Amino acid sequence: MNHVIIFWMQLVVSCVVLALIAAWYVWPLLTRLSRNSALTLLLWVHVPRYVGMTLLVTGMVDPKLPSDFLSAAAYGDLLAAALALTSIVALRSNWRGAVPLVWVTNTWGFVDLLNGVRGVFQLNVPSFDLATFWYIYTFYAPLVLVSHVMIFTVLLKSRSWENRALKATSPSSTNVDIPKLRS
């Protein structure tokens with residue numbers, strides 16, 4: 001099978017698998033947390049985006065990849081990582097502007113991800129030698145995508161989130177089953 005087809009197959013399957021895990025296991029648990037705690041957990045997924053700076057290390061990926069694409073991806077991810085970590089500190093410290101900062105962080109990270117996907121299509125990136133960066137594109141990027149969607153969902157439900165979290169932790173809800181992984 002052609003390696004470009006394998007790349008896209010792996011990327012799509014990762015998106016589907018991670019979305020199912022998020023819907024079946026992560027989301028039900030997040031709804032039992034406060035909004036800030038749920039956002040904090042989801043933002044941790046974005047902190048390792050600093051690994052994108054590896055694209056600028058000579059010899060790590062195909063030297064034929066355009067440097068402007070590599071720089072945009074690397075620095076966009078670095079800023080996304082810094083914003084995510086700053087948002088986590090703001091949420092944990094209950095800063096007044098924490099939620100607006102999360103909006104900025106998630107919007108920036110999502111637009112950066114979309115810009116990267118555009119570049120992947122335009123340049124046909126899977127046709128280049130990606131070395132270990134293959135896994136970033138086929139596993140970590142889908143994880144980041146799913147997390148972005150979940151963060152936007154929490155933010156959009158922000159007003160009702162606290163009431164739902166309080167109901168989920170009330171004494172009358174102590175017998176609620178927590179989803180378990182089946183072996």
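This note walks through the confidence, pockets, cavity and a few single residues of the structure above.

1. Let us start with how far to trust the coordinates. This is a predicted model, and the mean pLDDT of the protein is 91, with 88% of its residues reaching 70 or more. Residues 173–177 deserve some care: pLDDT stays under 50 there, and the model has four contacts for this stretch beyond four places in sequence. Where pLDDT is low, the predicted coordinates should not be read in detail.

2. A good place to look next is the largest pocket, which holds about 610 Å³ of space. Its lining counts 33 residues, and Asp112, Leu113, Gly116, Val117 and Tyr137 are the closest to the pocket's centre. Four elements give two or more residues each to this lining, namely helix H1 (3–30), H3, H4 and H5. H4 has the largest share, with eleven residues. Sorted by class, the lining of the largest pocket comprises 23 nonpolar, five polar and five charged residues.

3. The second largest pocket has a volume of about 190 Å³. If you would like to find it on screen, select Leu18, Ile21, Ala22, Val26, Leu30, Leu41, Leu42, Val45, Leu143, Val146, Ser147 and Met150, which line it. At least two residues of this lining come from each of H1, helix H2 (35–43) and H5. H1 gives the most here, with five residues. The lining of the second largest pocket has eleven nonpolar residues and one polar residue, and no charged residues.

4. There is also an enclosed space to point out. Searching the whole structure turns up one cavity of 30 Å³ or more, and the largest cavity contains about 40 Å³ of space. The elements giving two or more residues to its lining are helix H3 (67–92), helix H4 (98–123) and helix H5 (133–156). H4 gives the most to this cavity's lining, with three residues. The residues around the largest cavity are Leu43, His46, Arg49, Ala80, Ala84, Thr105, Asn106, Gly109, His148 and Ile151. By class, four of these lining residues are nonpolar, five are polar and one is charged.

5. Serine 87 is worth a visit of its own. This residue lies in helix H3. Is serine 87 buried or exposed? Serine 87 counts as buried because its relative accessible area is 0%, and the cut-off for buried is under 20%. Setting aside neighbours within four places in sequence, serine 87 is in contact with Leu43, Leu101, Val102 and Thr105. Two of those names come up again at the largest cavity, whose lining includes Leu43 and Thr105.

6. Now for two loop residues with a backbone feature to check. Asparagine 94 sits in the loop between H3 and H4. Its phi is near 55°, a positive value in a residue other than glycine. Asparagine 94 is exposed, with a relative accessible area of 59%.

7. The other residue is alanine 131, found in the loop between H4 and H5. Alanine 131 has a positive phi of about 50°, although it is not a glycine. How exposed is alanine 131? With a relative accessible area of 43%, alanine 131 is partly exposed, so its value falls between the cut-offs of under 20% for buried and over 50% for exposed.

Terms used: Residues are numbered from 1 along each chain as its sequence is written. This is a predicted model: local features need pLDDT of at least 70, side-chain atom pairs count only at pLDDT 80 or more; totals for chains, interfaces and linings use all residues. Side-chain values use heavy atoms; hydrogens and water are left out. On a 1 Å grid over the protein atoms alone, a cavity is a set of points where a 1.4 Å probe fits but cannot get out, and a pocket is an open set with protein on both sides within 12 Å along at least five of seven lines; lining residues have an atom within 4 Å of a point. Grid points are joined across faces, edges and corners, and a volume is the space filled by probe spheres set on the points. Ala, Val, Leu, Ile, Met, Phe, Trp, Tyr, Cys and Pro count as nonpolar, Asp, Glu, Lys and Arg as charged, and the others, Gly among them, as polar. pLDDT is the predictor's confidence in each residue, from 0 to 100. Contact means heavy atoms within 4.5 Å. Buried means under 20% relative accessible area, exposed over 50%, partly exposed in between (1.4 Å probe, protein chains only).
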